[in-house]
Amino acid sequence: HGRWAYYRMCRFLRYFFYKSFAFTLAAQFFFAFYNGASAKTACDAFTLSMYNVIFTTFPILAVGLLEQDTDAETSMKYPMLYGAGPNNVYFSWTKFGKDVLRGLFHAILAYFLVTDAMNGDGQSDRHGMSQSDYATLSALLSFSIVLLVNLQLAIEIRFWTWIHVLSIFIGPVAWVFIFGFLSSWNDWLGINFVYEFHGAFARALGNPMFWATIVLVQAGGLLPNVYGMTLREHFFPKPIDVITRLKSSSRH
């Protein structure tokens, strides 16, 4: 349990900083250069407040409570694995810096792909009306980041359970439900509520540019990480990678 506790805590801390950098830079810092330093954010207040509460919380909680780099039997069989803590295998200033740079890269990728897609009217509906408005920008950027940071954690998980699978889906599905519910509100039950992005959900989901940009953001953000992880495990393997390879070869 000591090894797992160290591994889980390192994964939790590093991912928390990564996802915070990715969203804060994309939704607030970069947008400040476009909004005339008016303190306007690229995303609405509901998205800003729910990002760390609902949209990205459950996957990292599942990892922090259940993740394993290997099973208990393998840990006992290979004592060298207990050197991960003293040798700072899973957490160091270098690894922290890599996560910050990954967050910066994902923020740059998401923000500028989205703004470029919106540039020059990007897309028009069947009536010839421009679909490149602030509400669509906010919806596209926020969903791209929420989906990207959840999938980034998914490709790093080594021990999958049904809880991990469920937690990965909660964030993006919650975004669709909450944003769709708020933007479609029509004074139901006599409650007068005005959402600043009223109607944006239906417009965004019916726009091919919305889906194409999301796919580009995910591919551009995740594929370099997949290649990097593959190359690292092959050329610069950690002790756990070596042992995993030995176990795999012994089965064959």
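**Close-up 1. The largest pocket holds about 750 Å³ of space.** This is a predicted model, and we start with its largest pocket. A set of 24 residues makes up the lining. If you want to find the middle of the pocket, look for R14, R102, E156, M229 and R232, which lie nearest its centre. Four elements each give two or more residues to this lining: α1 (2-29), α5 (93-118), α6 (134-156) and α9 (208-235). Of these, α9 gives the most, with 6 residues. As for the chemistry of the lining, you'll find 12 charged residues, 9 nonpolar ones and 3 polar ones.

**Close-up 2. R14, one of the residues nearest the centre of the largest pocket, sits in helix α1.** Here we zoom in on a single arginine. R14 counts as buried because its relative accessibility is 17%, and the cut-off for buried is under 20%. Leaving aside residues up to four places away in sequence, R14 touches Y90, F91, K95 and D99. Take D99 from that list: R14 and D99 are 85 residues apart in sequence, yet their C-alpha atoms are 6.5 Å apart in space. Y90 is worth a look too, since its backbone oxygen lies 3.1 Å from a polar atom of the R14 side chain.

**Close-up 3. The largest cavity holds about 40 Å³ of space.** The model has 1 cavity of 30 Å³ or more. Its lining is made of 10 residues, and the closest to the centre are F46, T47, F55, I178 and F179. Two elements give two or more residues each to this lining, namely α2 (45-55) and α7 (162-183). The lining residues split into 8 nonpolar, 1 polar and 1 charged.

**Close-up 4. F29 and F30 form an edge-to-face pair.** A search of the whole structure turns up 17 aromatic pairs, and this is one of them. The ring centres of F29 and F30 are 5.5 Å apart, and the planes meet at 65 degrees. Why is the pair called edge-to-face? Because planes over 60 degrees apart count that way, and 65 degrees passes that mark. The two rings have their own levels of exposure: F29 is partly exposed, with a relative accessible area of 43%, whereas F30 is buried, at 10%. The view can be widened to a cluster, in which ring pairs link F29, F30, F33, Y111 and F112.

**Close-up 5. F143 and F210 form a stacked aromatic pair.** The centres of these two rings are 6.3 Å apart, with 15 degrees between the planes. The pair links distant parts of the chain, with F143 in helix α6 and F210 in helix α9, 67 residues apart. Both of those helices also give two or more residues to the lining of the largest pocket. Are the two rings buried or exposed? F143 is buried, with a relative accessible area of 8%. F210 counts as buried too, at 1% relative accessibility.

Notes
Residues are numbered from 1 along each chain as its sequence is written. This is a predicted model: local features need pLDDT of at least 70, side-chain atom pairs count only at pLDDT 80 or more; totals for chains, interfaces and linings use all residues. Side-chain values use heavy atoms; hydrogens and water are left out. On a 1 Å grid over the protein atoms alone, a cavity is a set of points where a 1.4 Å probe fits but cannot get out, and a pocket is an open set with protein on both sides within 12 Å along at least five of seven lines; lining residues have an atom within 4 Å of a point. Grid points are joined across faces, edges and corners, and a volume is the space filled by probe spheres set on the points. Ala, Val, Leu, Ile, Met, Phe, Trp, Tyr, Cys and Pro count as nonpolar, Asp, Glu, Lys and Arg as charged, and the others, Gly among them, as polar. Buried means under 20% relative accessible area, exposed over 50%, partly exposed in between (1.4 Å probe, protein chains only). Contact means heavy atoms within 4.5 Å. A polar contact is a pair of N or O atoms within 3.5 Å; within protein, one must be able to donate a hydrogen and the other to accept it, and residues adjacent in sequence count only if both atoms are side-chain atoms. Rings of Phe, Tyr and Trp (its six-membered ring) pair if their centres lie within 6.5 Å; planes under 30 degrees apart count as stacked, over 60 as edge-to-face and the rest as tilted.
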